[in-house]
Amino acid sequence: MERQNRQARRTQALSTTHTAPMTAATTHTDAVIVGAGPVGLFQAFQLGLQDIRSHIIDALPHVGGQCVELYADKPIYDIPGIPVCTGRELVAQLQTQIQPFAPTFHLNQEVTEVVRLDDGLISVRTSAQQHFICKVLVIAAGVGAFQARKLSVEGAAELEGTHVHYRLGDAARFAGQDVVVLGGEASAVAAALKLTLETKAPRSVTLMHRRDVFTAEPVLLQAMRDAVASGRLQLQIGQPTALLSTSNQLHAVQVATPDGQTIERPAQHVLAFLGLSPKLGPITNWGLAMERKQLVVNTETFATDVPGIFAVGDINTYLGKKKLILCGFHEATLAAFGAAAIVHPARKTLLQYTTTSTELHRLLGIA
Ligand SMILES: Cc1cc2nc3c(=O)[nH]c(=O)nc-3n(C[C@H](O)[C@H](O)[C@H](O)COP(=O)(O)OP(=O)(O)OC[C@H]3O[C@@H](n4cnc5c(N)ncnc54)[C@H](O)[C@@H]3O)c2cc1C
């Protein structure tokens, strides 16, 4: 049944888009990598060794995937040759390692559509209206695109995008208005502080969290406490229980305080920083073979069932799969050999050592 559904999705995709309409914004490239987690980053390195340049797209505003989003300051002990490093340190090392190949990053945007065209090229579109035509696509999408957790109080869904926001964006749009920033993490504290420092500042900025405990760098916390002490920032401890609006115009947030009171805070805008959760999202619509929400690959090249499309890291599944960074690195290496056979069909894809190969030294920019 699943196979029939997949076939139907693929047929529909291919029948509606045989050739991608070219726009001025179309980027032609050898390779696109979906996901800038540790495996996506190392994929750019391995593709570079095969003389393949890449563009990397991630839904997050920063690289590093789970390592940075979920355990940036926790130690990892099982990366070969690195007895211990934090998630953030590993990502920093990977960024240094891929520098010779200068992949182009496109952050803060989700890959929404992937279609294999009749000529074998692959069309990739993002939520930021970017369009790529590539020879190979490597999906290193981990457990899915990290997306903001939504505020689940009455009225929030209707006001999303107009009065309820999950990213700071252009702070000038809040000038002269009352803004409530929700959350106890660094992102909420930083956004609240930034708003108070705008030249065209909001009329009032309130940082609201259920407890008077915030998780952020000490210097950021001190700046927040200073702003509260000087009256630039208001601090409200409590939980939002409803958004009060008239004709879809927000005017206040209803708050339950720790001492059992219900109060109203004036607000025309709510900025919610309630953490991120991964969503597999559009990947399930790309017509690729999946098993239990993971992409099925062959373990020779980590190719999916669609020619030119590979899947590496936590997003794939095969007999014996282990969701470990080390395993993702191995998969990325073999996927790069598979990609080279497509991008450079006339070249022999020989194994070369970075220690001794003058060709690899040339690619790495080593004199
Ligand atoms: C708490 C914790 C501790 C861990 N400790 C270890 C450890 O000690 N050792 C170890 O080996 N592993 C560990 N892991 C597992 C390890 O983090 C994962 O195996 C690894 O992050 C997988 O890397 P990845 O690049 O495949 O995916 P991810 O790190 O999940 O990165 C995928 C990226 O793809 C992006 N993405 C997804 N879909 C899209 C889309 N459609 N468009 C744009 N972007 C998209 C996401 O935003 C994300 O940034 C740990 C995991 C957790 C949660």
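These exercises walk through one predicted model, each with a worked solution.

Residues are numbered from 1 along each chain as its sequence is written. In this predicted model, local features need pLDDT of at least 70, side-chain atom pairs count only at pLDDT 80 or more, and totals for chains, interfaces and linings use all residues.

**Exercise 1. The domains**

Find the bounds of the domains and the distance between their C-alpha centres.

Step 1. Read the bounds, which come from an automatic or database domain assignment. Domain 1 covers 2–146 + 277–364, and domain 2 covers 150–274.
Step 2. Take the C-alpha centres of domain 1 and domain 2. They lie 37 Å apart.

**Exercise 2. The ligand shell**

Describe the residues that surround the ligand.

Step 1. Apply the cut-off: a residue is near a molecule if its C-beta atom, placed from the backbone, lies within 6 Å of it. This gives 37 residues. The closest are Gly35, Gly37, Gly65, Gly142 and Gly313.
Step 2. Look for elements that give two or more residues. They are α2 (38–49), α3 (65–69), β9 (145–148) and α8 (325–343). Helices (H or I, at least four residues) and strands (E, at least two) are DSSP runs, numbered from the N terminus.
Step 3. Sort the shell by type. Ala, Val, Leu, Ile, Met, Phe, Trp, Tyr, Cys and Pro count as nonpolar, Asp, Glu, Lys and Arg as charged, and the others, Gly among them, as polar. The shell has 22 nonpolar, ten polar and five charged residues.

**Exercise 3. Two hairpins**

Trace the pairing from β14 through β15 to β16.

Step 1. Recall the rule: two strands pair if DSSP finds at least two bridges between them.
Step 2. Start with β14 (residues 239–246) and β15 (residues 249–256). Seven bridges join these antiparallel strands. Proline 240 has valine 255 as its bridge partner.
Step 3. Check the turn. Two residues lie between β14 and β15, and serine 247 there has a positive phi of about 45 degrees.
Step 4. Move on to β16 (residues 262–266). Five bridges join β16 to β15, again antiparallel. Valine 255 has isoleucine 263 as its partner here.
Step 5. Check this turn too. Five residues separate β15 and β16, and glycine 260 has a positive phi of about 90 degrees.

**Exercise 4. Two helices**

How do α2 and α4 (residues 87–98) pack?

Step 1. Fit the axes: lines through C-alpha atoms over the stretch in contact, with angles from 0 to 180 degrees between N-to-C directions. The angle is about 20 degrees, and the axes are 9 Å apart.
Step 2. Classify the angle. Because angles under 35 degrees count as roughly parallel, α2 is roughly parallel to α4.

Technical notes: Parallel < 35°, antiparallel > 145°, perpendicular 65-115°, else oblique.
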